[in-house]
Amino acid sequence: MKDERQPFVLDDPDRLKALAHPMRRRMLTHLNVHGPATSTTLGELLGAKTGTTSYHLRQLEKYGFIEEIPERSTGRERWWRRAAIPRDLRLPTPDQVAPEDRAVLEEFHRIGYEEDRALFERFPAAYRADPAWARGSRGLARMTKEGLAAFYEEYIALLLRHSHQADEAPPDARPVYVRLFTLPADDG
């Protein structure tokens, strides 16, 4: 796998398609936040049959997003964890994707925005419960395309510098959702 400090562009349409499925994303999120799980555990949490979760886990494994934990797996019970993939995972721009695969890229974004909307809806309650863990910022900046690109790269570097892999995190570290998006203020 590539150096985790280098951006990894998810430009393989099949790998992108593997992540453009709502259940697979929820499964991967669960493994990222809570650690290893079995198909049965994930099925109970997500309200799905074990056969369904097993199929989706195999798809995530096929494209290198998760891996089986052989030392924990016994008989029919297989344990899964997130695979060691680069932390700076980026999407291709539409012009980097074949025209016939652009719908997959759009679906990936659509599902991601639905997830983000759900997080934004949870923000007020999380802020009331513990404002030290729920931080928000909104702003307006005037930038050139080059300035925005530089800002984005510095933001990613800052995020990587202050975040920890699950197995290297200090005892008081928690998983925290972090989102950044930009769009021109004069459109719409």
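**Sheet, core and salt bridges of the predicted model**

Glu68 has Trp80 in strand 4 as its bridge partner. This pair is a good place to enter the structure, which is a predicted model: local features need pLDDT of at least 70, side-chain atom pairs count only at pLDDT 80 or more, and totals for chains, interfaces and linings use all residues. Residues are numbered from 1 along each chain as its sequence is written, and side-chain values use heavy atoms, with hydrogens and water left out.

Strand 3 and strand 4 (residues 79–82) are joined in the antiparallel sense over three bridges. Strand 2 is also antiparallel to strand 4, with two bridges between them, and here Thr38 stands opposite Trp79. The result is an open sheet of three strands in the order 2-4-3, with antiparallel pairing. Its edge strands, strand 2 (37–38) and strand 3 (66–68), each pair on one side only. Two strands are taken to pair if DSSP finds at least two bridges between them. As background, strands of a sheet pair through backbone hydrogen bonds, either parallel or antiparallel.

For the protein chain as a whole, six helices and five strands are found, and along the sequence they follow the pattern β-α-α-β-α-α-β-β-β-α-α. Helices (H or I, at least four residues) and strands (E, at least two) are DSSP runs, numbered from the N terminus. The C-alpha atoms fill a box of roughly 60 × 45 × 30 Å, taken along the principal axes. Among contacts (heavy atoms within 4.5 Å) with a separation of 6 or more, 61% are between residues 24 or more positions apart.

Of the 188 residues in the protein chain, 28% are buried; the term buried stands for under 20% relative accessible area, exposed for over 50%, and partly exposed for values in between (1.4 Å probe, protein chains only). The accessible surface comes to about 13,400 Å², and 53% of this belongs to carbon and sulfur atoms. Accessible areas come from the Shrake-Rupley method with a 1.4 Å probe, and for residues only the protein chains shown count as cover.

Turning to the interior, the largest nonpolar core has 26 residues, of which Leu19, Met27, Phe65 and Ile66 touch the most other members. Two or more residues each come from helix 1 (13–19), helix 2 (22–34), helix 3 (39–46), helix 4 (50–62) and helix 5 (102–129). Helix 2 gives the most to this core, with four residues. A nonpolar core is here a set of buried Ala, Val, Leu, Ile, Met, Phe, Trp, Tyr and Cys residues joined through side-chain atoms within 4.5 Å. Leu19 itself touches Leu10, Arg25, Leu28, Leu60, Phe65 and Phe108, not counting residues up to four places away in sequence. In general, nonpolar side chains tend to be buried together in soluble globular proteins.

Ser39 offers another view of the interior. This residue is found in helix 3 and counts as buried, at 8% relative accessibility. Leaving aside neighbours within four places in sequence, Ser39 is in contact with Thr50, Thr53, Ser54, Leu57, Arg78 and Trp80.

Nine salt bridges are present in the structure, each being a side-chain nitrogen of Lys or Arg within 4 Å of a carboxyl oxygen of Asp or Glu. In one of them, the closest N and O atoms of Arg81 and Glu71 are 3.9 Å apart. Arg81 lies in strand 4 and Glu71 in the loop between strand 3 and strand 4, so the pair ties together parts that are 10 residues apart in sequence. Arg81 is partly exposed at 28% relative accessibility, whereas Glu71 is exposed at 62%.

Asp88 and Arg90 form a salt bridge with closest N and O atoms 2.8 Å apart. Asp88 is buried, at 4% relative accessibility, and Arg90 is buried with a relative accessible area of 13%. Arg110 and Glu114 also meet in a salt bridge (2.2 Å, N to O); both lie in helix 5, four residues apart, about one turn of the helix. Arg110 is partly exposed at 37% relative accessibility, and Glu114 is partly exposed at 39%. Elsewhere, salt bridges that share partners join Glu67, Glu71 and Arg81 into one network.

On the surface, Met143, Leu148, Phe151, Tyr152 and Leu180 make a nonpolar patch of about 400 Å². Patches are made of residues with over 30% relative accessible area and no salt bridge, with like charges joined within 9 Å and nonpolar side chains (Val, Leu, Ile, Met, Phe, Trp, Tyr) within 5 Å. Leu180 is placed in the segment after helix 6 (145–162) and counts as partly exposed, at 34% relative accessibility.
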